[in-house]
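The following exercises concern side-chain contacts and helix geometry. Each task is followed by a solution in steps.

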Amino acid sequence: MEIVSENKCFGGVQGVYSHKSTVCNCDMTFGLFLPEDAAHGPVPVLWYLSGLTCTHENAMTKAAAQGWAAEAGVALVFPDTSPRGEGVANDEAYDLGQGAGFYVNATQDPWAPHFRMWNYVAEELPALLGDSFAIDLDRQAITGHSMGGHGALTLAMNLPGRFSSVSAFAPIAHPTASDWGRKQLGAYLGSDESTWIKHDSTLLMRDKGFEGPILIDQGGSDNFLDLLKPEALSAAMAARRQEGTFRIQKGYDHSYFFVSSFMEDHIAFHAEALHA
């Protein structure tokens, strides 16, 4: 692992690191904020998964998260959204290929050799963090925005016991029924739609739910509402009587202005679960 940068931030350190990923078969870069508390022992960790077109840097610089995480004594991890580099498959469209990994393990060519973001986030990167930093992997929570909200919810429901809480900002909530989903799942996983089910938070909520609390924020003026399908997930949560809160925030759109406006609420929500 190589240090790309380390900066003092709210008493802690905001770092950027690169490493050779065995899972993705390329170099990967991630951001990690460690609060001052990490100097005295392992701290709980909140994962932030970003959306389409993003790298590790977008949320790290735009989500206004580090100050609240420092107060809560929680580390923040900002993974990239896909493998990158020469020899890694890509597409001319913004919503497929590099920057659009969709947090799945691709099984189809040309994506299969590198696009294994599920295993990267669920297995390889946690192991690296646990070996290299003062991170308590027994206390994890996860959040994300848009495609990252989709990833956070599906990882949380598919890995019972891993995360104490899950939240999302404007998640792609029902990808098997949306153009933001069917295109990518078909490309990465193939035409057998039974393999898509574990990557749809609405279907997962109907089938199994989540054993901890959930917080969802959705902008009421989001111009992607028809693609996100928040009503499907909200209905599934209500039908299941899932412990959680689903909020429509009037006037907010899909941008990081929306994310940063409610970041304090989300970090406080996760901190309560992580420190319970």
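A residue counts as buried when its relative accessible area is under 20%, as exposed when it is over 50%, and as partly exposed in between. The model is predicted.

**Exercise 1.** Classify the two partners of the salt bridge between Arg-247 and Asp-217 by burial, and place them in the chain.

*Solution.*
Step 1. The closest N and O atoms of Arg-247 and Asp-217 are 2.7 Å apart. This pair links distant parts of the chain, with Arg-247 in strand S9 (residues 244-249) and Asp-217 in strand S8 (residues 214-219), 30 residues apart.
Step 2. Asp-217 has a relative accessible area of 0% and is therefore buried.
Step 3. Arg-247 has a relative accessibility of 24%, so this residue counts as partly exposed.
Step 4. Asp-265 also belongs to the picture: a network of salt bridges links Asp-217, Arg-247 and Asp-265.

**Exercise 2.** Apply the burial classes to the salt bridge between Asp-136 and Arg-139.

*Solution.*
Step 1. The N to O distance between these side chains is 2.8 Å.
Step 2. Asp-136 is at 18%, which means that it is buried.
Step 3. Arg-139 is at 27% and is accordingly partly exposed.
Step 4. In the whole structure, the search finds 6 salt bridges.

**Exercise 3.** Determine how the rings of Tyr-252 and Phe-258 are arranged, and describe their surroundings.

*Solution.*
Step 1. The whole structure contains 11 aromatic pairs. In the pair formed by Tyr-252 and Phe-258, the centres are 6.2 Å apart and the planes make an angle of 50 degrees.
Step 2. Planes under 30 degrees apart would count as stacked and those over 60 as edge-to-face, so the remaining class is tilted. The pair is tilted.
Step 3. Phe-258 is buried at 0%, whereas Tyr-252 is partly exposed at 30%.
Step 4. Ring pairs join Tyr-252 and Phe-258 with Phe-169 and Phe-262 in a cluster.

**Exercise 4.** Locate the kinks in helices H9 and H3.

*Solution.*
Step 1. Helix H9 (residues 256-274) has a kink of about 50 degrees centred on Phe-262. Phe-262 is among the buried residues of H9.
Step 2. At the N-terminal end of H9, Ser-255 acts as a cap, with a side-chain oxygen 3.2 Å from the backbone nitrogen of Phe-257.
Step 3. In helix H3 (residues 117-132), a kink of about 30 degrees lies at Leu-125, shortly before Pro-126. The buried residues of H3 include Leu-125 and Pro-126.
Step 4. Trp-118 is also one of the buried residues of H3, and Lys-198 lies over its face, 4.6 Å from the ring centre.

How values were computed. Residues numbered from 1 in each chain as written. Predicted model: local features only at pLDDT ≥ 70, side-chain atom pairs only at ≥ 80, totals over all residues. Heavy atoms only, no water. Phe/Tyr/Trp six-rings, centres within 6.5 Å; stacked < 30°, edge-to-face > 60°. Buried < 20%, exposed > 50% of the residue type's maximum accessible area, 1.4 Å probe, protein only. Lys NZ or Arg CZ within 6 Å of the ring centre and 35° of its normal. Bend = angle between axes of the 7 residues up to and from the residue. Helix = DSSP H or I, 4+ residues; strand = E, 2+ residues; numbered from the N terminus. Polar contact = N/O pair within 3.5 Å; in protein donor to acceptor, adjacent residues only side chain to side chain. Salt bridge = Lys/Arg side-chain N within 4 Å of Asp/Glu carboxyl O.
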